2 protein chains.
Amino acid sequence: MGSVIADQSMSLDGYCTAVGARGATSLGAWGERLLHAWMFRDDATGRNAAVRDELFATAGAAIMGRRMFDVGVEPWGEEPPFHMPVFVITHHAREPLARRGGTTYHFVTGGIDDVLARARAVAGDRDVVILGGADTIRQFLVGGLLDELRIHLVPVVLGGGTRLFDRTGPEPIDLLPTRVVGAPGATHLTFRVLANH
Amino acid sequence: MGSVIADQSMSLDGYCTAVGARGATSLGAWGERLLHAWMFRDDATGRNAAVRDELFATAGAAIMGRRMFDVGVEPWGEEPPFHMPVFVITHHAREPLARRGGTTYHFVTGGIDDVLARARAVAGDRDVVILGGADTIRQFLVGGLLDELRIHLVPVVLGGGTRLFDRTGPEPIDLLPTRVVGAPGATHLTFRVLANH
């Protein structure tokens with residue numbers, strides 16, 4: 001069985017989206033671009049590209065929350081960048097939505113345990129990646145379902161937005177740093193999730 | 001003239017103290033110890049010790065807020081670990097307090113510009129280090145007075161406490177990562193502070 005990995009870009013002050021999940025303000029849209037700019041940034045070291053590519057190289061299925069899906073489905077377009085089944089956590093059942101290049105969006109109403117079981121069944125020995133948003137990652141983290149956290153720490157103090165880590169308490173959760181990769185526009189941090197205290 | 005450097009330990013979820021600045025609960029006291037444990041952790045690489053020592057090797061004066069002083073003055077004891085003049089930002093003037101080993105606490109009532117001028121006058125070509133707490137670092141950061149941020153990122157999701165970065169908005173502040181040092185118990189991140197947007 002593969003690992004369950006949450007993967008998220010985050011500003012140094014802890015935001016994974018800028019000023020509201022909908023990017024309603026210009027700072028919102030600007031901040032969104034800034035947090036993900038490292039993915040599209042050519043750099044002499046090739047480190048950003050390597051980090052970006054390895055996730056999808058080992059993953060067999062992805063999970064995301066419905067708000068992330070709502071915001072992303074249009075920009076991701078006819079051939080989304082996932083190239084694997086994507087399970088969307090929602091309250092409203094609907095038919096799967098097939099796109100080109102191997103991405104099919106499946107809508108799962110049974111909560112995180114159900115969605116994880118379905119994603120694992122598809123992924124087999126490959127990893128399952130939790131793509132966000134913050135509340136979805138929080139549920140997996142607090143529920144003890146995450147094996148690994150990959151944080152792409154973006155060197156900016158954003159000053160507003162949605163915090164990646166919020167209402168995770170009351171029990172602290174220990175992590176073990178397993179890798180650090182410095183690159184232009186992001187410091188890529190990998191942590192193994194240890195037991196809650 | 002030396003640099004103005006803020007130096008702070010921070011959990012992955014952005015807390016620099018655990019559950020209230022006074023460490024009133026057991027989690028508070030436990031969390032405090034956890035955030036600073038890297039400083040006292042022997043590791044085969046020697047990286048924690050190197051990071052801990054270099055700050056005080058280049059600094060000629062330190063600055064802290066009054067609450068940090070109030071909490072720390074007793075545990076720091078008769079020979080505090082600073083070995084340099086420490087300027088405490090306060091509303092209440094009082095006489096300097098001399099300790100052994102080169103630490104004298106000076107109490108400054110004129111705000112951050114005044115305290116920085118006094119610290120710089122003492123530090124000369126050496127650095128001035130802002131030791132905290134969060135609100136003091138925020139004032140220097142937002143005021144455009146910081147040259148460098150040193151964050152010791154501790155691999156734990158703490159779930160509560162005082163956030164290092166809060167109310168810094170509305171203008172995002174760009175940083176440039178200049179160094180990453182992975183070590184047991186902390187990932188040591190150094191950023192140059194660039195202009196506000």
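**Arg94 over Phe107**

I started with the charged end of B:Arg94, which sits over the ring of B:Phe107 at 4.2 Å from its centre. I then looked up chain A, where the charged end of A:Arg94 sits over the ring of A:Phe107, 4.2 Å from the ring centre. I note here that the model is predicted.

**Aromatic pairs**

I looked up ring pairs next and found 8 aromatic pairs over all chains. I described each pair by the distance of the centres and the angle of the planes. A:Phe69 and A:Phe107 form one of them, with 5.1 Å between centres and 80 degrees between the planes, which makes the pair edge-to-face. I asked where the two partners lie in the chain. A:Phe69 is in helix α3 (residues 66-76) of chain A, and A:Phe107 is in strand β6 (residues 104-108) of chain A. The partners are 38 residues apart, and the pair links distant parts of the chain. I also checked burial: both A:Phe69 and A:Phe107 are buried.

In chain B, I found that B:Phe69 and B:Phe107 form an edge-to-face pair, 5.1 Å centre to centre with 80 degrees between the planes. B:Phe69 lies in helix α3 (residues 66-76) of chain B and B:Phe107 in strand β6 (residues 104-108) of chain B, so this pair ties together parts that are 38 residues apart in sequence. I asked whether B:Phe69 is buried or exposed. B:Phe69 has 3% relative accessibility and therefore counts as buried, the cut-off being under 20%. B:Phe107 has 10% relative accessibility, so B:Phe107 counts as buried too.

I noted one ring cluster in chain A: ring pairs link A:Phe56, A:Trp76 and A:Phe82.

**Nonpolar cores**

I looked up the largest nonpolar core, which has 66 residues. Which residues have the most contacts inside this core? They are A:Ile63 and B:Ile63. A second, separate core has 16 residues, among them B:Leu55, B:Phe69, B:Trp76 and B:Tyr105. B:Phe69 is thus listed both in this core and in the edge-to-face pair with B:Phe107.

I then listed what A:Ile63 touches, leaving out residues up to four places away in sequence. The list includes A:Phe87, A:Ile89, A:Val115, A:Leu116 and A:Ala119. It also includes A:Val128, A:Val129, A:Ile130, A:Leu131 and A:Gly132, as well as A:Thr136 and A:Phe140.

**Helix α5 of chain A**

I looked up burial along α5(A), since A:Thr136 and A:Phe140 had come up as contacts of A:Ile63. The buried residues of α5(A) are A:Ala134, A:Thr136, A:Ile137, A:Arg138, A:Phe140 and A:Leu141. I kept in mind that an α-helix has 3.6 residues a turn, so residues three or four places apart point the same way. I noted that A:Arg138 is on the buried list along with the other residues named. After α5(A) comes A:Gly144, which has a positive phi near 70 degrees.

**Backbone details**

I checked for cis peptide bonds. The bond from A:Gly132 to A:Gly133 is cis, with omega near 0 degrees. A:Gly133 is placed in the loop between β7 (127-132) and α5 (134-142) of chain A. In chain B, a cis peptide bond joins B:Gly132 and B:Gly133, with omega about 0 degrees. B:Gly133 is in the loop between β7 (127-132) and α5 (134-142) of chain B.

I also looked for positive phi at residues that are not glycine. A:His83 has a phi of about 55 degrees, and its place is the loop between α3 and β4 (86-89) of chain A. A:His83 is partly exposed, with a relative accessible area of 46%. B:Arg167 has a positive phi of about 50 degrees and is not a glycine. B:Arg167 is found in the loop between β10 (162-163) and β11 (173-183) of chain B. With a relative accessible area of 57%, B:Arg167 is exposed.

**Chain A as a whole**

I ended with totals for chain A. How many helices and strands does chain A have? There are 5 helices and 12 strands. The radius of gyration of chain A is 16 Å, close to the 16 Å that the globule rule gives for 197 residues, so chain A is as compact as a globular protein of that length. The C-alpha trace of chain A spans about 40 × 40 × 30 Å along its principal axes. Buried residues are 49% of the 197 residues in chain A.

For contacts in chain A with a separation of 6 or more, I noted that 66% are between residues 24 or more positions apart. The accessible surface of chain A is about 8,600 Å², and carbon and sulfur atoms hold 51% of it.

Note on methods: Residues are numbered from 1 along each chain as its sequence is written. Chains are lettered from A and ligands numbered from 1 in the order in which they are written. This is a predicted model: local features need pLDDT of at least 70, side-chain atom pairs count only at pLDDT 80 or more; totals for chains, interfaces and linings use all residues. Side-chain values use heavy atoms; hydrogens and water are left out. A nonpolar core is a set of buried Ala, Val, Leu, Ile, Met, Phe, Trp, Tyr and Cys residues joined through side-chain atoms within 4.5 Å. Buried means under 20% relative accessible area, exposed over 50%, partly exposed in between (1.4 Å probe, protein chains only). Contact means heavy atoms within 4.5 Å. Rings of Phe, Tyr and Trp (its six-membered ring) pair if their centres lie within 6.5 Å; planes under 30 degrees apart count as stacked, over 60 as edge-to-face and the rest as tilted. Helices (H or I, at least four residues) and strands (E, at least two) are DSSP runs, numbered from the N terminus. A charge sits over a ring if NZ of Lys or CZ of Arg is within 6 Å of the ring centre and within 35 degrees of the ring normal. The radius of gyration is taken over C-alpha atoms; the globule rule is 2.2 Å times the number of residues to the power 0.38. Accessible areas come from the Shrake-Rupley method with a 1.4 Å probe; for residues, only the protein chains shown count as cover.
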